Amino acid sequence: MQHIITTERDEGLKLVYTDITLPAGKTVEVEYTRTILGVALPDPEREGTRTGYGYGCVLGERVFKPQDPTVPEESMYIVLDEVDGTVAGEMFDEVIRIKDKYLVQTAYCTDKPLNLMESLRNLEGLTRYDKAMVGAERKSKWPSYVSDDCRCSVQYKGVSRYEERMLNQWLTQHARDPDSGQPILDGEENPVYRLGCPLDLPTEKARGGIQREDPTICTALYLAVANMESSKKARRTWKPKEIRERNGITGY
C-alpha cells in the first residue's frame, strides 16, 4: 500500500493509504492512538552487527478498550515504516522525513555513541526549528516539513541483548478481545499478534532483522515497543470487530 497522508484526530491519528487492488479513487483509512520512533544509532561497537549500521522504525499503536472498566485494555503495535544507513547524517535526514510523515511526537534512541545521541536530541528539523527561518525556507530544506508544531522529543536508553530477545513476547502473543478473551482476527480470519509487520507496508528490513535476530534492528524495535507499552497517554479506542471492517487489505 502507498501512504498518502497522516492527519490528527481528537484522540489519535488517521493514516490514509491507496492500493492498486482498490477501485479508482478509493482509499483505506487506518486509525492509531499514536506513533513512536525507535532508533538504534550507527554504532561500530555494537556486538554482532554490521559495522556502523543504524536502523529506525515507526510503530503505530491501536488500543481495544473493554466494556467492563475493571478489565485491562488490549494494545497492539504495527510497524509502519523504517529507515536505515551507515552514514549518520543521511540516516538522520530520513528520520526527520518519517517523523513528519507519521506525525511522531516521541522517539527513543540508543545511548551510544554519545556524540550521535546528542546530535539526534538536538537535531534541527526533528526536535526544534530555527525561529529565524520562515516556513518556505523550512519546506525547501526539509520537503516533508509539516509545521513548527510537528517536533519530536528524543529520549535515550541502553538496551541489553536480553531485552532485545524480549521482542518474542509481543511477536508470539495474540492480541485478544479484552471482553471475550478471544483472539482478534484479521481480514482473512487469522489471529493477529501484538506486534506485527504487515507485508504490504515498508517493513522488509524489520521482518528480515527479526528472523536473523539482527541486534541493531531488534534494538530499535524493542525501544519502540517497550516504551509504548510502558508509557501512559490519552488514547483513541476501537471495537475489536472494526479491525476487519476497516482494513481488509492489511488486516490491521
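# Exercises on salt bridges, strands and a nonpolar core

Glu74 and Arg194 form a salt bridge in which the closest N and O atoms are 3.5 Å apart. The model examined in these exercises is a predicted one.

## Exercise 1: A salt bridge across the sequence

Determine which parts of the chain the salt bridge between Glu74 and Arg194 ties together, and decide for Glu74 whether the residue is buried or exposed.

Solution. Begin by placing each partner: Glu74 belongs to strand β6 (residues 74-85), while Arg194 sits in the loop between α5 (167-171) and β9 (195-196), so the salt bridge ties together parts that are 120 residues apart in sequence. Next, consider the accessible areas, for which the cut-off is that buried means under 20% relative accessible area. Glu74 has a relative accessible area of 13% and is therefore buried, and Arg194, at 9% relative accessibility, counts as buried. Finally, look for further partners: Glu74, Arg194 and Glu229 are linked in a network of salt bridges.

## Exercise 2: Two further salt bridges

State how many salt bridges the structure holds, and then describe the pair Arg34 and Glu61 and the pair Asp214 and Arg212.

Solution. The total for the structure is 12 salt bridges. In one of them, Arg34 is joined to Glu61, with the closest N and O atoms 2.9 Å apart. This pair connects distant parts of the chain, since Arg34 is in strand β4 (residues 34-40) and Glu61 is in strand β5 (residues 54-64), 27 residues apart. Arg34 and Glu61 are both buried. Turning to the other pair, we find a salt bridge between Asp214 and Arg212 whose closest N and O atoms are 3.5 Å apart. Here the accessibilities must be read one by one: Asp214 counts as buried at 7% relative accessibility, whereas Arg212 counts as exposed at 52%.

## Exercise 3: An open sheet

Work out in what order the strands of the open sheet of 3 strands are arranged, and explain which strands stand at its edges.

Solution. Strands of a sheet pair through backbone hydrogen bonds, either parallel or antiparallel. In this sheet the order is β1-β2-β3, and the pairing is antiparallel. The edges are taken by β1 (2-9) and β3 (28-32), each of which has a single partner strand, so one side of each is left without a neighbour in the sheet. From one strand to the next, the twist averages 25°. To follow one pairing in detail, take strand β2 (residues 12-18), which is joined to β3 by 5 bridges; Tyr17 has Val28 of β3 as its bridge partner. Strand β3 is also the place of Glu31, a buried residue with a relative accessible area of 3%, and the side chain of Glu31 makes a polar contact of 2.9 Å with the side chain of Arg9.

## Exercise 4: The surroundings of β6

Find out how β6 pairs with β5 and with β9, and say how many residues of β6 are buried.

Solution. Taking β5 as the partner, we find 11 bridges to β6 in the antiparallel sense, and within this pairing Arg62 stands opposite Met76 in β6. Taking β9 as the partner, we find that β6 and β9 run parallel and are joined by 2 bridges, with Tyr77 opposite Leu195 in β9. As for burial, 11 of the 12 residues of β6 are buried, so the strand is largely enclosed by the rest of the structure.

## Exercise 5: The largest nonpolar core

Identify which residues touch the most other members of the largest nonpolar core, and which element gives the largest share of this core.

Solution. The largest nonpolar core contains 43 residues, and the ones that touch the most other members are Tyr17, Leu37, Leu41, Leu80, Tyr102, Leu120 and Leu126. Among the elements that give two or more residues to this core are β2, β6, α1 (88-101), β7 (106-109) and α2 (114-121). The largest share, 6 residues, comes from α1.

## Exercise 6: Cysteines without a bond

Explain why Cys57 does not form a bond with Cys197.

Solution. The step needs a cut-off, namely that the two cysteine sulfur atoms of a disulfide lie within 2.5 Å. The sulfur of Cys57 has its closest cysteine sulfur in Cys197, at 8.4 Å, which is too far for a bond. Cys152 is likewise in no disulfide, the nearest cysteine sulfur being that of Cys150, 8.3 Å away. Cys57 is buried, with a relative accessible area of 0%, and Cys152 is buried with 2%. The count for the structure comes to 0 disulfides.

Definitions and conventions: Residues are numbered from 1 along each chain as its sequence is written. This is a predicted model: local features need pLDDT of at least 70, side-chain atom pairs count only at pLDDT 80 or more; totals for chains, interfaces and linings use all residues. Side-chain values use heavy atoms; hydrogens and water are left out. Buried means under 20% relative accessible area, exposed over 50%, partly exposed in between (1.4 Å probe, protein chains only). Two strands pair if DSSP finds at least two bridges between them. Helices (H or I, at least four residues) and strands (E, at least two) are DSSP runs, numbered from the N terminus. Axes are lines fitted to C-alpha atoms, for helices over the stretch in contact, and angles run from 0 to 180 degrees between N-to-C directions. A salt bridge is a side-chain nitrogen of Lys or Arg within 4 Å of a carboxyl oxygen of Asp or Glu. A polar contact is a pair of N or O atoms within 3.5 Å; within protein, one must be able to donate a hydrogen and the other to accept it, and residues adjacent in sequence count only if both atoms are side-chain atoms. A nonpolar core is a set of buried Ala, Val, Leu, Ile, Met, Phe, Trp, Tyr and Cys residues joined through side-chain atoms within 4.5 Å.
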